[in-house]
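Me: I'm new to this one, so could you take me through a single part slowly? I'd like a close look at the place where two chains meet, and then a peek at any empty space inside.

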Amino acid sequence: MTLESATRGRSPRSRVGRAPAWLVGLAAVCAAAAAIPLVYLVVRSADAGLAELADTLLRPRVLTLTLNSVVLAAFVTVTCLVLGTLSAWLLTRLRLPSARAWLLVSALPLAVPSYLAAYGWLVWFPGFNGFWASWLVLSVVCTPYVTLPVAAALRGASGDLEAVARTLGRGPLGAFRAATWPRIRPAAIAGGLLVGLYALSDFGLVSMLRFQTLTWGINAAYGASFDRNQAAMLALVLVVLALVVVAGERRSRGRVVHSPGRNAPGTIRPGRALVPALGVLLIAPGLGVAVPVAGLVSRLVDAETLREIDLVRLAEAIGATLGLAVAGALVAAVLALPVAALAARYRGRLVSAIESVGFLGHALPGIVVGLSLVFFTLSVMPALYQSVVVLVFGYAVLFMPKAIGTMRGGIAAVPGSLLDVSRMLGLSPLAVWWRVTAPLALPSVGIGALLVAISVMKELPATLLLRPTGISTLATELWNRTTVFEFGAAAPYAAALVLLAAVPAVILSGIRGVAKEEV
Amino acid sequence: MSGVSVEDLRVGYGDAVVLDGITLTIPRGSLVAVLGPSGCGKTTLLRAIAGLLPATAGTIRVGDRLLSSARNTVPPEKRGIGWVPQDAALFPHLSVGENIGFGLPRGGRGGREARRARIDELAAIVGLGGLTERAPSQLSGGQAQRVSLARALASRPDLMLLDEPFAALDPLLRSALRIEVAELLRSQQNTSLLVTHDQEEALSLADFIAVMRHGRILQWGTPAEVYERPASLWVAGFVGDTVELDGRWSDGRAECAFGLLDAAYQDGPGVAEPQEGASVRVMLRPEWLRVVDDRGDADPTDTGARGVPATVTAIAYAGHDALVSVLLDSGQPVRARIAAPDLPARGTRVRVSIRHPVLAYPVRTDPVPADPDSVPDDATLR
């Protein structure tokens with residue numbers, strides 16, 4: 001029985017056979033759009049020639065920037081791994097009062113853009129900068145990327161196995177190492193590498209806290225404008241580092257065991273350890289959310305800030321941010337839909353290749369996409385240079401993966417037997433799509449678009465490079481003011497950003513079942 | 001007009017052959033069960049007939065319509081075949097009534113009334129009158145399966161295909177619902193093909209059974225034929241409990257631990273009887289054995305009339321009856337099915353005799369290839 005029910009319960013992917021050519025073609029075109037920045041960056045660097053490439057890469061300045069990026073990413077990753085795994089263990093194994101609320105609180109730092117957290121810290125401590133400052137803020141902001149997947153894995157690896165190991169003669173720690181750690185290790189490593197990717201890609205935080213990494217160097221070289229080739233090559237170095245990390249992340253993610261979470265509450269009574277345990281759980285949300293938001297609020301209610309608020313400018317920034325978010329979400333959704341539909345229903349080498357290309361934006365730092373698109377428009381269609389079209393396209397490339405992931409899940413969740421039944425009841429394949437798949441997958445398409453919109457509102461580096469003159473978003477206004485230490489003037493923009501982007505992010509993750517643990 | 005005929009149907013994925021020349025003729029109005037273990041290809045057969053899987057070769061006809069041949073394949077939506085999947089597969093975004101009417105033309109002004117009436121009629125037929133406004137999530141598993149059935153019946157298909165429709169239900173509900181469904185299908189004069197791995201379901205419901213293994217049909221016949229005259233030892237073991245004994249062919253009878261017994265030789269059609277003295281495998285059903293208490297007053301050498309002496313070693317009690325394991329004095333263990341009130345106790349001395357002609361099969365000299373199907377499901381263990 002097992003064999004046949006396994007094949008019968010199959011996802012619809014396995015049985016439909018070959019994908020229709022028009023869908024493959026359409027998906028390939030959409031995915032190819034996502035490849036433009038990377039391809040163009042490589043082409044451009046190749047143009048410069050190997051000699052110049054080697055020459056640039058070996059300059060002490062470049063080596064220093066690279067080393068700074070790598071060391072910061074490594075420190076942040078290790079910190080997040082330790083703090084995140086510990087938090088996850090506390091969340092799942094201790095019997096905490098209102099456990100679900102604690103899970104949501106642990107996810108909160110995800111909603112705060114890293115540069116916003118940096119701004120909040122600078123408000124309190126204007127002299128706060130350098131490596132350790134960047135390390136601290138980046139670590140607390142990124143910790144949920146480890147906490148949430150490890151908590152999910154721990155919940156799957158229920159205490160049963162540990163209990164069995166205990167009855168077979170292992171002590172508490174030995175049982176954890178033998179029975180539980182092997183099951184959460186892939187989730188922890190995948191989460192850790194995701195942290196590494198974010199630390200490498202981050203631009204706003206390190207710039208505000210004045211620690212010179214590759215992203216900072218790219219922006220500086222581009223701004224200096226006499227040496228744009230150097231910017232391109234720094235971007236290439238960054239992309240190679242990011243791709244290595246992403247490849248590792250995908251490898252270990254493949255090994256994550258997905259077992260149905262039983263959502264059993266923790267079994268260990270914390271007793272006197274409750275207060276220290278909650279203290280550990282509060283490190284990331286406290287330092288990553290509470291401190292910056294408190295700083296922001298303190299500046300906002302300041303009398304001088306309120307007097308100097310430029311309402312027109314603020315309204316313009318809000319309008320621009322919302323408009324760009326809607327446009328970016330629409331374009332990303334349109335590009336993502338064929339890829340998601342293909343990946344949800346079919347498999348094969350070609351299909352997974354198309355899907356991987358669609359996911360490229362996930363690996364590309366925003367500053368790299370911005371830079372590459374600047375070069376691309378200047379040399380291929382100068383008329384579009386610094387136009388909204390290119391900016392929106394950049395958003396679509398960067399955030400398409402979010403839309404693909406959500407939509408693919410929604411489409412794949414429509415059971416194959418429903419499609420069979422519809423065909424048997426007289427519907428053509430197109431009619432099945434329209435009358436059955438589309439209505440059932442619609443919510444996930446909407447959520448995908450909403451996720452993109454939220455990400456667009458928070459985006460900083462690509463926006464800085466690509467925005468047309470005269471258009472400012474909340475993120476760029478905040479950045480411009482913070483870099484010249486006008487914290488009070490920055491406060492209204494930061495507050496608007498929290499209300500527009502961070503709050504919907506929290507609500508959305510709540511709707512999707514208390515903090516999406518599959519980050 | 002004839003029923004359904006499938007000729008030399010072949011289906012494969014790449015190099016793997018899943019259906020290897022299936023030929024079937026289903027009389028109009030009959031209910032046929034395709035019975036086989038996991039992975040035998042029975043679901044593939046159903047999907048190929050439905051048009052959900054392309055056939056590599058062969059033809060499929062329903063009535064006088066050619067649905068699939070080397071030259072021409074009718075898409076599933078044009079085949080006019082009803083489909084009831086295992087999981088009911090109700091559209092979660094539609095009400096029960098809209099589910100039932102999904103395949104009906106939406107029609108104009110007059111059509112809408114007719115559609116409405118047909119939906120109500122079908123809901124009443126499957127015993128769900130008055131529930132048409134409900135959402136599928138508010139139904140129990142049995143109710144969902146009824147809606148699925150009504151939905152498939154709505155456009156009066158020429159053929160109904162049911163893919164293990166009762167497998168996901170709990171046992172009590174399963175047996176009640178399947179009797180009801182079989183009656184319903186018969187009352188609608190539907191030609192139906194039911195796939196199942198449950199031999200009890202096949203035996204109790206079907207007019208005909210096709211036993212499948214490894215993509216081939218091993219036997220076609222009425223339930224009684226398949227159970228009482230299985231075409232091979234494997235079929236015998238798959239459709240029910242067996243008692244197997246070594247024997248010797250002797251003048252049209254089989255000689256075994258029970259002496260010389262009337263026997264029918266089974267080795268496919270047109271095969272001559274084995275040679276005198278050849279080894280055979282004797283097969284009988286546990287309920288063909290009679291077990292009586294041995295009061296010790298009979299002549300122990302008289303084995304023919306009163307049965308062979310034996311000792312009860314174990315009893316597997318199943319409520320209505322029991323499988324009683326006995327050890328013949330010759331050292332041969334056998335199992336007998338005995339109706340519940342007359343059970344002997346363990347250790348009792350008994351006499352065992354045979355009350356039905358037994359079956360004899362050729363002894364396989366070639367090594368049987370090891371494959372998971374040789375221990376089919378839970379059927380032989382029951």
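Reply: Here is a walk through the contact between the chains, followed by the cavities.

A bit of housekeeping: this is a predicted model, where local features need pLDDT of at least 70, side-chain atom pairs count only at pLDDT 80 or more, and totals for chains, interfaces and linings use all residues. Residues are numbered from 1 along each chain as its sequence is written, chains are lettered from A and ligands numbered from 1 in the order in which they are written, and side-chain values use heavy atoms, with hydrogens and water left out.

Let's start with who takes part. Chain A brings 23 residues to the contact and chain B brings 31, where contact means heavy atoms within 4.5 Å. Together they bury about 2400 Å², and carbon and sulfur atoms give 59% of that; buried area is the accessible area (1.4 Å probe) that two parts lose on being put together, summed over both.

Now for the charges. The interface of chain A and chain B has 2 salt bridges, meaning a side-chain nitrogen of Lys or Arg within 4 Å of a carboxyl oxygen of Asp or Glu. One of them joins Asp420(A) to Arg47(B), at 2.9 Å from N to O.

On the chain A side, α1 (2–8), α22 (416–424) and α23 (429–458) each supply at least two of the residues that touch chain B. Helices here are DSSP runs (H or I, at least four residues), numbered from the N terminus, as are strands (E, at least two). The biggest giver is α22(A), with 7 residues. Sorted by class, that side of chain A has 11 nonpolar, 5 polar and 7 charged residues; Ala, Val, Leu, Ile, Met, Phe, Trp, Tyr, Cys and Pro count as nonpolar, Asp, Glu, Lys and Arg as charged, and the others, Gly among them, as polar.

On to the empty space. The structure holds 8 cavities of 30 Å³ or more. A cavity is a set of points, on a 1 Å grid over the protein atoms alone, where a 1.4 Å probe fits but cannot get out, and lining residues have an atom within 4 Å of a point. The largest one has about 60 Å³ of space, a volume being the space filled by probe spheres set on the points, which are joined across faces, edges and corners. Its lining includes Leu83(A), Ser106(A), Thr143(A) and Val280(A). α15(A) gives the most to that lining, with 5 residues. By class, the lining has 7 nonpolar, 4 polar and no charged residues.

Terms used:
1 Å grid on protein atoms, 1.4 Å probe; cavity = no way out; pocket = protein on both sides within 12 Å on 5 of 7 lines; lining within 4 Å.
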